[in-house]
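This briefing walks through one protein chain, topic by topic, for a reader who is new to structures. Please keep the sequence and the 3D view at hand while you read.

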Amino acid sequence: ATCPGLPQRADLVRPPPTESMALSMTTARPAALSSRVQSGIASFRAPVAAPSRGSLQVMAASKKKDVRLTITLECTEQKASGVGGMSRYMSQKNRRNTSERLELMKYNPYLRKHTLHRELKK
């Protein structure tokens with residue numbers, strides 16, 4: 001089927017298999033495919049064996065303890081002030097470098113100022 005106005009590319013069109021091509025395919029393919037090749041319905045790909053289930057398993061090293069912990073920082077001044085709500089921040093710390101509780105100055109939107117936030121117990 002040709003489309004008028006479009007250039008034709010001869011290298012994309014595959015010629016129909018001849019008898020000599022069918023014979024050359026039967027010598028390169030396994031015996032199970034030879035009847036399909038001779039009848040002209042061969043797919044031009046080699047059969048691929050399905051991988052066995054255990055052959056592609058990747059084993060990852062398991063961690064004993066996570067070095068980085070997710071911690072919660074809570075405002076220390078808000079309970080005493082009587083303002084509703086509680087200012088809390090989530091952060092991470094390295095267990096090896098910072099073994100004691102973390103204290104940071106963070107912004108408290110309820111009090112509208114920076115206050116001391118301490119790490120909560122887990």
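In which sense do strand β3 and strand β4 pair, and over how many bridges? Strand β3, which covers residues 103-108, and strand β4, which covers residues 113-119, pair in the antiparallel sense, and 6 bridges hold this pairing. Please bear in mind throughout that this is a predicted model.

**The chain as a whole**

- The protein chain contains 3 helices and 4 strands, and if you read along the sequence you meet them in the pattern α-α-β-α-β-β-β.
- Of the 122 residues in the protein chain, 16% are buried, while the area that the chain exposes comes to about 10500 Å², with carbon and sulfur atoms supplying 55% of it.
- If we take the contacts between residues at least 6 apart in sequence, 41% of them join residues that are at least 24 apart.

**The sheet**

- The 4 strands form an open sheet with antiparallel pairing, and their order in the sheet is β2-β1-β4-β3.
- Strands β2 and β3 are the edge strands of this sheet, since each of them pairs on one side only.
- Neighbouring strands in the sheet are turned against each other by 40° on average, when direction is ignored.
- Strands β1 and β2 run antiparallel and are joined by 7 bridges, and within this pairing Thr-72 has Met-90 in β2 as its bridge partner.
- In the pairing of β3 with β4, the residue in β4 that serves as bridge partner of Met-105 is Leu-116.

**The hairpin and its turn**

- Strands β3 and β4 form a hairpin that has 4 residues between the two strands, and Arg-112 is placed in this loop between β3 and β4.
- What is the sign of phi at Arg-112, and near which value does it lie? The phi of Arg-112 is positive and lies near 60°, in a residue that is not glycine.
- As background to that value, most residues other than glycine have a negative phi.
- Is Arg-112 buried or exposed? Arg-112 has a relative accessible area of 68%, and because this is over the 50% cut-off, the residue counts as exposed.

**Salt bridges**

- How many salt bridges does the count come to? The count comes to 5 salt bridges, and the points below take up several of the residues involved.
- Lys-113 forms a salt bridge with Glu-77, in which the closest N and O atoms are 3.8 Å apart. Lys-113 lies in strand β4, whereas Glu-77 lies in the loop between β1 (68-75) and α3 (78-81), so this pair ties together parts that are 36 residues apart in sequence.
- Both partners of that pair are partly exposed, with a relative accessibility of 42% for Lys-113 and a relative accessible area of 33% for Glu-77.
- Glu-103 and Arg-118 also meet through their side chains in a salt bridge, with an N to O distance of 2.4 Å. Because Glu-103 lies in strand β3 and Arg-118 in strand β4, the pair ties together parts that are 15 residues apart in sequence.
- Glu-103 is partly exposed at a relative accessible area of 43%, and Arg-118 is likewise partly exposed at 40%.
- Glu-74, Lys-79 and Arg-88 are linked to one another in a network of salt bridges.

**Glu-119 and its surroundings**

- Glu-119 is placed in strand β4, and its side chain meets that of Lys-93 in a salt bridge with an N to O distance of 3.1 Å.
- This pair links distant parts of the chain, with Lys-93 in strand β2 (residues 88-94) and Glu-119 in strand β4, 26 residues apart.
- Are Lys-93 and Glu-119 buried or exposed? Both residues are buried, and Glu-119 counts as buried because its relative accessibility of 11% is under the cut-off of 20%.
- The side chains of Glu-119 and Lys-93 are also joined by a polar contact of 3.1 Å.
- Leaving aside residues up to four places away in sequence, Glu-119 touches Ile-71, Thr-72, Leu-73, Lys-93, Glu-100, Arg-101 and Leu-102.

Technical notes: Residues numbered from 1 in each chain as written. Predicted model: local features only at pLDDT ≥ 70, side-chain atom pairs only at ≥ 80, totals over all residues. Heavy atoms only, no water. Pairing = 2+ DSSP bridges. Salt bridge = Lys/Arg side-chain N within 4 Å of Asp/Glu carboxyl O. Buried < 20%, exposed > 50% of the residue type's maximum accessible area, 1.4 Å probe, protein only. Polar contact = N/O pair within 3.5 Å; in protein donor to acceptor, adjacent residues only side chain to side chain. Contact = heavy atoms within 4.5 Å. Axes fitted to C-alpha atoms, helices over the stretch in contact; angles between N-to-C directions. Areas by Shrake-Rupley, 256 points an atom, 1.4 Å probe, with all protein chains shown as cover.
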